[in-house]
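Subject: Structure handed over, with notes

Hello,

Here is the structure you asked for. Please look at it first and then read the notes below it.

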Amino acid sequence: MTSPLMSTPGAVGAESPDSGVAAHYGDPAHEGRAMERSSAWVDRSNRGVVRVGGPDRLGWLNDLTSQSTKGLAPGTATEALILDTRGHLRHHLSLVDDGEAVWIHTEPGGGAPLAAFLDSMRFMLRVEVEDLGGSRAVLTVLGPDRAKAVEAASLGDVPVRAAEDGTDLFLPVERLSAAAEALTAAGARPAGMWAYEAQRIAGHRVRPGLDTDDRTIPHEVDWVGRAVHLEKGCYPGQETVARVHNLGRPPRRLVMLHLDGTAERLPEVGSPIELEGRPVGRVGTSARHHELGPIALGVLKRSAPVDADLVVEGIAAGQEVVVDPDTGANAQITLRRRPR
C-alpha cells in the first residue's frame, strides 16, 4: 500500500522493505540535521500495528516476551522480543500501554504474523488481539523539539509512544495527512527513511530481519537492557539469555562500520565482512549519514580483533565496537577449600 503522504511535495519513494513510504523529500542531509537539532516527522505507515486489549494483557505479555510488562505504567515506552526456545528472534515489538490496551508496532509485513501468533496463545485469558495494519499508521516525530511540535499540532486523543529515540503516533489512516500537515505547521520538517535509517544506524539500533538473521541471540546485538529484562520470570528463550549473561562469550558481536567514502555504492544486506580475505561476519543495513558519511551495522565473530580493518564488497571499513567480545560473564563463582 502506498502512503497518502507520498503526495507531500518532494517525496521520493523508498525501496523494499520500506516501499510505499518516502526515502526523502528532496534534501536528506537537511532532514537528518532537523532530526538532531530541531524536529522532523517520518512517515512509517508501512509498519505493522497490533492492539492487545483485555484486563490480563500485561501479565500475559510478560509470560510470552523477554520484557517485564506485568506492572508497566501507562505511557511507558518499551521494547520486547518474542524468542523461540533456543533464544532466537521470532518477533520484535515496540510497545506502549495506554491504560486500556497495549499498542505495538513491528516490521513491515510483520503485523499479521505477530497478531496470529499472539491470538494462538490466548487460551482462556481475558485478552483481545487485533491486527490494525489497515486502519492505523505510525508517524514518528524526532528531534529535541519533538514534544513541542506534537503538543502544538493538537492531534487529539491518539495513542502515543514517547521513547528516548523518538515519539510514535498511532494514527487512524484517514488522519495521517492532516496530522503531517499540523506537525509541519508546528515546525517539524518532513523527513524520509534515508535520514531516519542513518540516524538509527548511528545510534547502534539494529533492525530485525536486516541486521539480524535466524541465528541472532539478544546479547549479540545489544538488546539486553533495551528489550530484554534480566530479572523477570520465565519466558521462551530465557535459558539462552541467562546462560550468556552468566557465562559470557556470545558467538558474535555487533559493530558499526565506517565505510570508505570514496565508494559510490553501499553494500547489500547480508554481504560478508572480510578480514584478510576471510569472512568474519555479515553486514546489515547501511546508509549515508549527513555528518558521519557512509555507515553500516554488522555482526562479527566474537574472535575477530576489535582493532582490525575490514572489507565489505571491496569497500574498506573501520569498526566501532558496540558489543564487547566479553559481554556477559556475570556469574559469581566462589571456590571453597575442603577443611583439612
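I start with one residue. R146 lies in helix α4. Keep in mind that this is a predicted model.

Is R146 buried or exposed? The relative accessible area of R146 is 19%, and residues under 20% count as buried, so R146 is buried. Leaving out residues up to four places away in sequence, R146 touches S38, S39, V141, A163, E164, G166 and T167. R146 and W41 are 105 residues apart along the chain, yet their C-alpha atoms are separated by 8.6 Å.

Helix α4, which spans residues 146-153, also helps to cover the next helix, α5. Residues 176-185 make up α5, and L176, A179, A180 and L183 are buried there. Viewed down the axis of α5, the buried residues fall within an arc of 100°, so they line one face of the helix. Besides α4, the cover over these residues includes β3 (40-44), β9 (136-142) and β11 (166-172). The exposed residues E181 and A185 are on the face of α5 turned away from its buried side. After α5 comes G187, which has a positive phi, near 105°.

Helix α2 (residues 57-64) is another case. How many of its eight residues are buried? Six are, so α2 is largely enclosed by the rest of the structure. The buried ones are R57, L58, W60, L61, N62 and L64. Among the elements that cover them are the strands β4, β5 (78-83), β6 (89-97), β7 and β8 (128-131), together with helix α3 (111-120).

Two of those strands each hold a residue that I looked at separately.

- R51 is in strand β4, which covers residues 48-53. With a relative accessibility of 22%, R51 counts as partly exposed. Not counting neighbours within four places in sequence, R51 is in contact with A101, V102, W103, E128, V129, E130 and L132. R51 and D97 are 46 residues apart in sequence, and their C-alpha atoms are 9.6 Å apart in space.
- T106 is in strand β7, residues 101-106. T106 has 5% relative accessibility and counts as buried. Outside its neighbours within four places in sequence, T106 is in contact with R47, G48, H92, G111 and L114.

Now the chain as a whole. How many helices and strands does the chain have? Its secondary structure comes to seven helices and 18 strands. The radius of gyration is 21 Å, and the globule rule gives 20 Å for 340 residues; the two are close, so the chain is as compact as a globular protein of that length. The C-alpha trace spans about 80 × 60 × 30 Å along its principal axes.

Of the 340 residues, 53% count as buried. Among the contacts between residues at least 6 apart in sequence, 69% join residues at least 24 apart. The accessible surface comes to about 15,900 Å², and 49% of it belongs to carbon and sulfur atoms. As for charge, the chain has 37 positive and 46 negative side chains. The centres of these two sets lie 8 Å apart.

To go through this yourself, begin at R146 in helix α4, then move to the buried residues of α5 and those of α2.

Regards

How values were computed:
Residues are numbered from 1 along each chain as its sequence is written. This is a predicted model: local features need pLDDT of at least 70, side-chain atom pairs count only at pLDDT 80 or more; totals for chains, interfaces and linings use all residues. Side-chain values use heavy atoms; hydrogens and water are left out. Helices (H or I, at least four residues) and strands (E, at least two) are DSSP runs, numbered from the N terminus. The radius of gyration is taken over C-alpha atoms; the globule rule is 2.2 Å times the number of residues to the power 0.38. Buried means under 20% relative accessible area, exposed over 50%, partly exposed in between (1.4 Å probe, protein chains only). Contact means heavy atoms within 4.5 Å. Accessible areas come from the Shrake-Rupley method with a 1.4 Å probe; for residues, only the protein chains shown count as cover. Lys and Arg count as positive and Asp and Glu as negative; His and the chain ends are not counted. The place of a charge is taken as NZ of Lys, CZ of Arg, CG of Asp or CD of Glu. The arc is that of the directions from the helix axis to the C-beta atoms.
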